[in-house]
Amino acid sequence: MTERGAAAGVALDGPVVPQAVRHEALGAQVFRGSWISLVAQATQLLFRLISTIALARLLTPDAYGLVAMVTVVTGFIGLFKSLGLATATIQAPRVTHGELNGLFWLNVAFGAITLVVAVAAAPLMAMVYGEPRVTPLIAGLSFEVIKWAG
């Protein structure tokens, strides 16, 4: 035991790292993590911009408008895609295999429920938009929630 550990009655493993060194390492990790997040967000934005431009060029204005209506609905559904379980799992200090298995099936069940609600709400959304052609589009694109569930 080190002198400090003996005073506290705790055995310390390894050398005692000065507080300034720990803060510097933490600052470097925060910077690196922030930079990676920034690059990931910029890449995602670039892909969205490219896909929007491609859709605008490939679809007629009428069809593009329908896709825009459906995107509002699927985007709203996407807000609830994981219930925050992924973030909670990552931040948990220890997660067992059984807990991971339970979280997976909870996500799958939530995805299935969300899918059923979205398909059931498709005619209502068509009524709100005053455009019956969005019903099959909303129903079809709602199957994307299954991708989120896994």
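This short report walks through the fold, the main pocket and a surface patch of a predicted model.

## The overall build

Let's start with the basics. The chain has seven helices and zero strands. Read from the N terminus, the elements go α-α-α-α-α-α-α.

What about burial? The chain has 150 residues, and 15% of them count as buried.

## The largest pocket

Now for the empty space. The largest pocket has a volume of about 620 Å³. It is lined by 19 residues, and the closest to its centre are Arg48, Thr71, Thr74, Gly75 and Glu144. Three elements give two or more residues each to this lining: α2 (19-58), α3 (61-78) and α7 (144-149). Helix α3 provides the largest share, with eight residues.

As for the chemistry, the lining of the largest pocket is a mix: eight residues are nonpolar, seven are polar and four are charged.

## A nonpolar patch on the surface

Next, have a look at the outside. Leu46, Phe47, Leu49, Ile50 and Ile53 make up a nonpolar surface patch of about 520 Å².

Take Phe47 as an example from this patch. You'll find Phe47 in helix α2, an element that also gives two or more residues to the lining of the largest pocket. Is Phe47 buried or exposed? Its relative accessibility is 58%, and because exposed means over 50%, Phe47 counts as exposed.

Definitions and conventions. Residues numbered from 1 in each chain as written. Predicted model: local features only at pLDDT ≥ 70, side-chain atom pairs only at ≥ 80, totals over all residues. Heavy atoms only, no water. 1 Å grid on protein atoms, 1.4 Å probe; cavity = no way out; pocket = protein on both sides within 12 Å on 5 of 7 lines; lining within 4 Å. Points joined across faces, edges and corners; volume = space filled by probe spheres on them. Helix = DSSP H or I, 4+ residues; strand = E, 2+ residues; numbered from the N terminus. Nonpolar A, V, L, I, M, F, W, Y, C, P; charged D, E, K, R; others polar. Patch = residues over 30% accessible without salt bridge, like charges linked within 9 Å, V, L, I, M, F, W, Y side chains within 5 Å. Areas by Shrake-Rupley, 256 points an atom, 1.4 Å probe, with all protein chains shown as cover. Salt bridge = Lys/Arg side-chain N within 4 Å of Asp/Glu carboxyl O. Buried < 20%, exposed > 50% of the residue type's maximum accessible area, 1.4 Å probe, protein only.
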